[in-house]
Amino acid sequence: MNSTNRRSNKKRMLQAMVVCPFMLTLNLYAGGQTLIFSDDFNRNESQEAKEEIGNGWNTNSKSRAGGNKQVDLRDGAMHIYRHEVADHAVSVTHPAEFKNGSIELRFKLEDEKDSLGLDLADQQLKTVHAGHLFIVRIGTRYIDIIDHKTGGMNLEYHEAKKARQLTPDQKKVLAQKTKRLQHAQKVGAWHGLKIDMAGDTITVFIDGENVGAFSSEGFAHPTKRMLRLSVPKNAVVDDLKIFSRAE
Ligand SMILES: [Ca+2]
Ligand SMILES: [Ca+2]
């Protein structure tokens, strides 16, 4: 083969790599899991008056905060803050469809009373209020893992609670749907978070350390469809990645 042929072969191979979508899938498939979404928030809005997160994100600011801005892209991160007129925690949402997988991000809580919830939902599931499946809530002193699907957001419990008619037996069941991990997060510092979802078990990692796990039947829901970041006060988020994993 002469050098001209070799060059044209090499060129054809490079062209095939660029156009072949299979190669792209291979690139994103690493360690048995597939990266289905990522955001480094290294961008700015075209203006500062209104929310403009981009990359497929949505919020509840229109319905719960009179359209006021509650999310700001700044210094390469996503700053979430509840507006004074809001009647609900800020909810910053992104579609993410998987069964088993993990979510990784970096977060910063700047006040002792701040917290960040990773709330997974399936809006097509009608046996629960607003599609709530479960939440992992990171506070500065502890981390709560709560099964909403078979717990407090299940319509039976949700309606009884609203009517203040929970029976002692129902209260006993609800108490088993939540686990508190005693783990402090330093105020004002960046931390790494990973939540791993495998079958009916959620495991939480902070700065690479396994800080605890909880098993509950609602976690095994076959289709998580939406990530909602739930912020009652303030939180800063960066480098978010969602992985789906084959069983
Ligand atoms: Ca900004
Ligand atoms: Ca960033």
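**Strands, hairpins and one arginine**

Me: Which residue in E13 is the bridge partner of Asp196?
Reply: In this predicted model, local features need pLDDT of at least 70, side-chain atom pairs count only at pLDDT 80 or more, and totals for chains, interfaces and linings use all residues. Residues are numbered from 1 along each chain as its sequence is written, while chains are lettered from A and ligands numbered from 1 in the order in which they are written. Strands (E, at least two residues) and helices (H or I, at least four) are DSSP runs numbered from the N terminus, and two strands pair if DSSP finds at least two bridges between them. Strand E12 (residues 190-198) and strand E13 (residues 201-206) pair in the antiparallel sense over six bridges, and the partner of Asp196 in E13 is Thr203.

Me: Which residue takes a positive phi in the hairpin of E13 and E14?
Reply: Six bridges join E13 to strand E14 (residues 209-215), and the two run antiparallel. Two residues lie between these strands, and the one with a positive phi near 50 degrees is Asp207.

Me: Why is one side of E3 and of E11 left without a neighbour in the sheet?
Reply: The open sheet of seven strands has the order E3-E6-E15-E8-E9-E10-E11, with antiparallel pairing. One side of each is left free of a neighbour because E3 (58-59) and E11 (178-182) stand at the edges, each with a single partner strand.

Me: Is Arg64 buried or exposed?
Reply: A residue is buried if 20 or more other C-beta atoms, placed from the backbone, lie within 10 Å of its own, exposed if 12 or fewer, and partly exposed in between. Because Arg64 has 19 other C-beta atoms within 10 Å, Arg64 is partly exposed.
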